Each structure stands twice: as C-alpha cells, then as structure tokens.
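Work through these exercises with the sequence and the 3D view side by side. Try each task before reading its solution.

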Amino acid sequence: MFNQLDYPTVMMQDRNKSVAEEGCGFCSALSTFRYFGATYTVPEFNTALGTHADLFDWAWAPNASQGTATWDGQYVYDRASVVVGVYYHSEPVIVYLTKGSSTHFVAVYKVWGKWTDDNSFYIRDPWGDRNYQTIGQYVSNGWTPQSIFIYHRR
C-alpha cells in the first residue's frame, strides 16, 4: 500500500489537489492494480490517469492499470460482498467510509474471523498516520462504511 502522505508534490490533474491531500482512493486503486500485476509508481499512475486522477474516475481507471484490471462496479457496503471479493475472487475490495463531512477509502485484503464482524476485515490504509488495521477500528471511531468498489484481475 502506498502512503498518500508521501506524495505532497504529486498534483492530481483536474482540481490540482495533491495525492497527500485527497489521494486515498487513488492510492487504494493503485495498490489493487499492483496486486493484479501493474508496476506503476504513484507519479506514473498519475500521468496515466491524466484528468481522471482527481475526482477519481473509478470506471475509467482500468484504462490506466497496465491491462491488469477490469471494472465491476460500485455497490452499497455489505459484508457478504466484501467476503465474496476477498475470499472467492482472492482480490482486494475498496471500501468508501464517511465520518460527518470527511471521506476516506481503504482496501480490504483479508477476512479473518466472523464475516459478520467488521473487525475481521483487514485493510491496507493509504493514510499513513493512522494505525487502523481493520474496518472495525474505523467503525469504532465514528466512521461508517458506505459503499464498495470492485475491480477484477484481467
């Protein structure tokens, strides 16, 4: 997983925000594509995305995945779908969380324990200053999982 805070000078095109400022979705998608076999660095991925980088274009992003990914879709968060993605497909699932007006994206890479328990959903978190390791830790701190974003290995 990439720590988005390591990239304060990589400016995503469109609204001119840095990866450090608003790149959690960007970093979660890139980490998923690298899991599938892509080799891009953060600056290379930013260039490949072009104007699709900021206000991240989830459906377009596989065009910048070096041929490793296809877009499945965005769905309402439910634990069963995360389990299917991580266990059945052996692929990370990106989760969108909100807390008031704050938003964040993380990638679930492992489910270990009861599928009905958010603490069983282990994450790769692009926000490097937090030590959260599960979706449950976010939920315990006032965050609400809203939706999931699913890519498949090509």
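The exercises below go from the whole chain to its pockets, its rings and a few single residues. Keep in mind that this is a predicted model.

**Exercise 1. The fold in outline**

Task: Find how many helices and strands the chain has, and in which pattern they follow one another.

Solution.
- Step 1. Count the elements. The chain has five helices and seven strands.
- Step 2. Walk along the sequence. The pattern reads β-β-α-α-α-β-α-β-β-β-α-β.

**Exercise 2. The overall dimensions**

Task: Compare the radius of gyration of the chain with that of a compact globule.

Solution.
- Step 1. Take the expected value. For 154 residues, a compact globule would have a radius of gyration near 15 Å.
- Step 2. Take the value of the chain. It is 14 Å, which agrees.
- Step 3. Add the extents. Along its principal axes, the C-alpha trace spans about 40 × 35 × 20 Å.
- Step 4. Add the burial. Of the 154 residues, 47% count as buried.

**Exercise 3. The largest pocket**

Task: Describe the largest pocket by its volume, its lining and the elements that supply the lining.

Solution.
- Step 1. Start with the volume. It is about 300 Å³.
- Step 2. Go to the centre. The lining has 22 residues, and the closest to the pocket centre are Glu22, Gly23, Cys24, Thr103 and Phe105.
- Step 3. Assign the elements. α1 (19–22), α2 (24–36) and β5 (102–111) each supply at least two lining residues. β5 gives the most, with four residues.
- Step 4. Sort by character. Eleven lining residues are nonpolar, six are polar and five are charged.

**Exercise 4. The second largest pocket**

Task: Which residues line the second largest pocket, and which element gives the largest share?

Solution.
- Step 1. Take the volume. The second largest pocket has about 160 Å³.
- Step 2. List the lining. It consists of Met1, Ser31, Thr32, Tyr35, Val86, Ser90, Glu91, Pro92, Ala107, Tyr109 and Arg124.
- Step 3. Assign the elements. α2 and β5 are the ones that give two or more residues to this lining. The largest share, three residues, comes from α2.
- Step 4. Sort by character. Six of the residues are nonpolar, three are polar and two are charged.

**Exercise 5. Rings against rings**

Task: Classify the pair formed by phenylalanine 56 and tryptophan 58.

Solution.
- Step 1. Set the scene. The structure holds 17 aromatic pairs.
- Step 2. Check the distance. Phenylalanine 56 and tryptophan 58 lie 4.7 Å apart, centre to centre. The cut-off for a pair is 6.5 Å.
- Step 3. Check the angle. The planes stand at 70°. Over 60 degrees counts as edge-to-face, and the pair is edge-to-face.
- Step 4. Look at burial. Both residues are buried.
- Step 5. Widen the view. Phe56 and Trp58 belong to one aromatic cluster, which also includes Phe26, Phe33, Tyr40 and Phe45. Among its further members are Trp71, Tyr96 and Phe105.

**Exercise 6. Charges over rings**

Task: Which residues lie over the faces of tyrosine 122 and tyrosine 109?

Solution.
- Step 1. Go to tyrosine 122. Lysine 110 lies over its face, at 4.8 Å from the ring centre.
- Step 2. Go to tyrosine 109. Arginine 124 lies over its face, at 3.7 Å from the ring centre.
- Step 3. Link back to Exercise 4. Tyr109 and Arg124 are among the residues that line the second largest pocket.

**Exercise 7. Two residues with positive phi**

Task: Locate glutamine 66 and serine 90, and give their exposure.

Solution.
- Step 1. Take glutamine 66. Its phi is positive, about 60°, although it is not a glycine. It sits in the loop between α3 (42–49) and β3 (69–76). Glutamine 66 counts as partly exposed because its relative accessibility is 37%, and that class runs between 20% and 50%.
- Step 2. Take serine 90. Its phi is about 55°, again positive for a residue that is not a glycine. Serine 90 lies in the loop between α4 (79–88) and β4 (93–99). At 38% relative accessibility, serine 90 counts as partly exposed.

**Exercise 8. Sequence distance and space**

Task: How far apart in space are valine 86 and valine 111?

Solution.
- Step 1. Place valine 86. It is found in helix α4 and is buried, with a relative accessible area of 9%.
- Step 2. Read the separations. Valine 86 and valine 111 are 25 residues apart along the chain, and their C-alpha atoms are separated by 7.0 Å.

How values were computed:
Residues are numbered from 1 along each chain as its sequence is written. This is a predicted model: local features need pLDDT of at least 70, side-chain atom pairs count only at pLDDT 80 or more; totals for chains, interfaces and linings use all residues. Side-chain values use heavy atoms; hydrogens and water are left out. Rings of Phe, Tyr and Trp (its six-membered ring) pair if their centres lie within 6.5 Å; planes under 30 degrees apart count as stacked, over 60 as edge-to-face and the rest as tilted. Buried means under 20% relative accessible area, exposed over 50%, partly exposed in between (1.4 Å probe, protein chains only). A charge sits over a ring if NZ of Lys or CZ of Arg is within 6 Å of the ring centre and within 35 degrees of the ring normal. On a 1 Å grid over the protein atoms alone, a cavity is a set of points where a 1.4 Å probe fits but cannot get out, and a pocket is an open set with protein on both sides within 12 Å along at least five of seven lines; lining residues have an atom within 4 Å of a point. Grid points are joined across faces, edges and corners, and a volume is the space filled by probe spheres set on the points. Ala, Val, Leu, Ile, Met, Phe, Trp, Tyr, Cys and Pro count as nonpolar, Asp, Glu, Lys and Arg as charged, and the others, Gly among them, as polar. The radius of gyration is taken over C-alpha atoms; the globule rule is 2.2 Å times the number of residues to the power 0.38.
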